[in-house]
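Trainee: I would like to learn how to read a few local features in a model. Where shall we begin?

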Amino acid sequence: MLQKLGFLPGFNKQVTGTGAEGEWSDGDNIRFRYGTPEKIGGWSQIGAGTTTQSNSLTGPTRALHHWENNDSIKFAAIGTNRILYIYAQGVFSDIHPIRATLTSSDFTSTSSSNIVTITTTGVHGLKEQDIVLFDSVTGLSGSTFTNATFEDNKFMVTTVPTSTTFTITMATTESGSALTNAGSASVLCYYNVGPSQQVGGYGWGTANYGGSVASPATTTLATALTDTTTTTVVLTSSASFPSSGEIRIDSEDISYTANDTSTNTLSGGARGVNGTTAATHSVSATITNISSYVAWGEASSGDDVTISPGLWVLDNYGTKLMALIYNGKCFEWDSAGSVNTRATLLANAPTASRHMVVSTTDRHLVFYGTETTVGGDSTQDKLFIRWSDQESIDGTDSYTVKATNTAGTQRLADGSKIMGAINGRDAIYVWTDTALFLMRFVGQPFTFAFEQVGTNCGLLGKNACIEIDGSAYWMSKNGFFMYDGRLRSLPCLVEDYVFDNLNSDARDLINCGLNNLFGEINWFYCSSSSDVVDRVVTYNYLDSTNKRTIWTTGSLPRTAWEDSAVFGKPRATFYNSTSNDSYDVTGNTNGITVYYEQETGTDQVNTGAVTTAVLGSITSGDFDITQKRSNTGQAVGMPDLRGDGEYIMRISRFIPDFISQTGNTQVSFITKDYPNSSGTTTNYSIDSTTTKQDTRLRARSIAMKVANTTTSEDWKLGTFRLDIHPGGRR
């Protein structure tokens, strides 16, 4: 007899396979619509993709923002941890702000080496992996590396030997006459955004208080340090110091990369490391080897401190893009001008802030976790909020609280730091690490009113929140929450699966994206074994009910996501940490970003029409194979089914049913005699013409898996039926 297979929508990973009878237990790259599962749509790489410009950007994207200007030109701002890009009319443009321009430099190369050393006339302030752009290059000849090699080209800094020298890695090796302090150029230094990853950081916990170790090597300073830039340190004796490391003189920490014991000289490092301040030091000052310290300057696995990744916060103020470097300065770029112009520092604004939002209805620019004294980054308070005067974001007194303007400040009372903020329908939602606040525009004299509406529900990562139709959804340390006038915890049948395998150190890499086309909220996150985003958990807010919330999980890795409002389809970014082939930076070691349009076709399509299958699959829980009893001779009160996994049953055929299907689909049955059995998998290839499939399956319980295995395949599941017969009892 034929038995229909019916399963509740969504995944249930909170129980065993046997416990998930009548439910779906696993899958990848699928969604539920109207209660039935289907493979998600494909995606296609965006960009010029010509011989002069590929699609790959430098570093991982940490913010993505779409908007349309007054001329109906659509823009995407893409902020990686190295460069701020604009995508418009099919072309990527670099609009990253310039921190400093050094007026001249010298170039030195070595035969058969791809390393070039640049000497600057002043202190450059660069760090490893910073970006530099060369301009007005002259005087290079005879070498493999000519003026044109550097002119208007960007390079990633490889090392920083001294405060006035840095090295870069060329695409080829020196095969001509080596350069020796040759040529000159302007060196444009990009603002540093931050590292590509968020990892365990600094603190106490695994060493003695203050970061000390037992019996460190000490000596005295043989030559006074009379300035704060010299990185060559002459010791009375350097024999007890390692070949590279760090030293402490008075209260300043100094790094070094070379130890010449013949001259007792340490060199090749940097001044004022580990958050200390460079200072002058007199002869005979005590020098301590701190190379083995863990508390102040080395990663400490025993502490709960993390190093913040390089992040952007992006919004638009009319036609202007507002771009904040996380815990840093804010910049502006006007889309009404040329894409060849760069973002510039927002004048008179705070210089150290954790977050930024444009309050759209009343036109205030709001900074969160910002300075109590504008321009004084040392006064940054992680719970302090400051907003501009209405319609004034860069004036001399725009952020000065006066009786004659609407600028203002507020400090939140719950939590240790502001995690994030987003615009809502009638308020701005502001999260600390422990609570949720509403920030509402009320007009003069207070401008904004603040109300705490939730406790023990803080935001896990700064981008782990979203607002939809007057309701906020977010990921917290304590699970998933929503606020729609009252605070609610979202029931989630995949919660343990997500939180038990979550890299909590990388919490600020979590990003939340809306797919309005299908009523989905996606949280992309790093699993416990990964420092890059490699998983997604999805909530279907459109089809979920109070009785059944619909959640799925998958392996779709996206570092940023924007909905379909501007470009018609969602767009998102993928970080490839194993490739450094970006279109615009020579010597890149930070990986690349690929910008995709989602929900296009059935496959992943990259530059050059390179097509990769999007593999969608879904697996049910184990369900007991049963058969209705015959009415003849059935005792009163007896159930109408044979056993509950008591009998071995035989399946002679199944009848496939797809609402829609493109290409072949693999249908698998995993048969078991006992819950802890490993199971036997039998695969069948089904196409749109298959009316039935004969089988020879025997088991007490069975699970079904539906998947595609190659390109150009798509499917939406209907209701399958099994032909079941008694197979005996044993």
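Mentor: Start with one cysteine. Cys465 has a relative accessible area of 7%, so this residue is buried. Keep in mind that the model is predicted.

Trainee: Is Cys492 buried or exposed?

Mentor: Cys492 is buried, with a relative accessible area of 10%.

Trainee: How many disulfides does a search of the whole structure find?

Mentor: Zero. The cut-off is 2.5 Å between two cysteine sulfur atoms. Cys465 is in no disulfide, and the nearest cysteine sulfur, in Cys512, is 7.0 Å away. For Cys492, the closest cysteine sulfur is also that of Cys512, at 13 Å, which is too far for a bond.

Trainee: Next, strands. How do the strands of a sheet pair?

Mentor: Through backbone hydrogen bonds, in a parallel or an antiparallel way. Here, take the open sheet of four strands: the order is 38-39-40-41, and the pairing is antiparallel.

Trainee: Which strands stand at the edges?

Mentor: Strand 38 (465–468) and strand 41 (487–489). Each has a single partner strand, so one side of each has no neighbour in the sheet. On average, neighbouring strands of this sheet are turned by 20° against each other, direction ignored.

Trainee: How many bridges join strand 40 to strand 41?

Mentor: Three bridges. Strand 40 covers residues 479–483 and runs antiparallel to strand 41. For a single pair to inspect, take Phe481: its bridge partner in strand 41 is Ser489.

Trainee: Let us turn to empty space. How do I tell a pocket from a cavity?

Mentor: Ask whether a 1.4 Å probe can get out: a pocket is open, whereas from a cavity the probe cannot get out. The second largest pocket here has a volume of about 1200 Å³. Its lining has 41 residues, and Leu64, His65, Ile422, Ile466 and Glu562 are the closest to its centre.

Trainee: Which strands each supply at least two residues of that lining?

Mentor: Strand 38, the edge strand, is one of them. The others are strand 8 (61–68), strand 26 (312–317), strand 30 (355–359), strand 34 (418–423), strand 42 (511–515) and strand 46 (560–562).

Trainee: What is the lining of the second largest pocket by class?

Mentor: It has 21 nonpolar, 12 polar and eight charged residues.

Trainee: How many cavities of 30 Å³ or more does the structure hold?

Mentor: Two. The largest cavity has a volume of about 180 Å³. It is lined by 18 residues, with Ile30, Ile40, Asn522, Thr538 and Leu556 nearest its centre. Strand 4 (30–33), strand 43 (520–525), strand 44 (535–540) and strand 45 (550–554) each give two or more residues to this lining. Strand 45 provides the largest share, three residues. By class, the lining of the largest cavity has five nonpolar, nine polar and four charged residues.

Trainee: Which residues line the second largest cavity?

Mentor: They are Arg31, Phe32, Glu520, Thr538, Asn540, Ile550, Trp551 and Thr552. The elements that give two or more are strand 4, strand 44 and strand 45. The largest share, three residues, comes from strand 45. The second largest cavity holds about 40 Å³ of space. Three nonpolar, three polar and two charged residues make up its lining.

Terms used
Residues are numbered from 1 along each chain as its sequence is written. This is a predicted model: local features need pLDDT of at least 70, side-chain atom pairs count only at pLDDT 80 or more; totals for chains, interfaces and linings use all residues. Side-chain values use heavy atoms; hydrogens and water are left out. Two strands pair if DSSP finds at least two bridges between them. Axes are lines fitted to C-alpha atoms, for helices over the stretch in contact, and angles run from 0 to 180 degrees between N-to-C directions. Buried means under 20% relative accessible area, exposed over 50%, partly exposed in between (1.4 Å probe, protein chains only). On a 1 Å grid over the protein atoms alone, a cavity is a set of points where a 1.4 Å probe fits but cannot get out, and a pocket is an open set with protein on both sides within 12 Å along at least five of seven lines; lining residues have an atom within 4 Å of a point. Grid points are joined across faces, edges and corners, and a volume is the space filled by probe spheres set on the points. Ala, Val, Leu, Ile, Met, Phe, Trp, Tyr, Cys and Pro count as nonpolar, Asp, Glu, Lys and Arg as charged, and the others, Gly among them, as polar.
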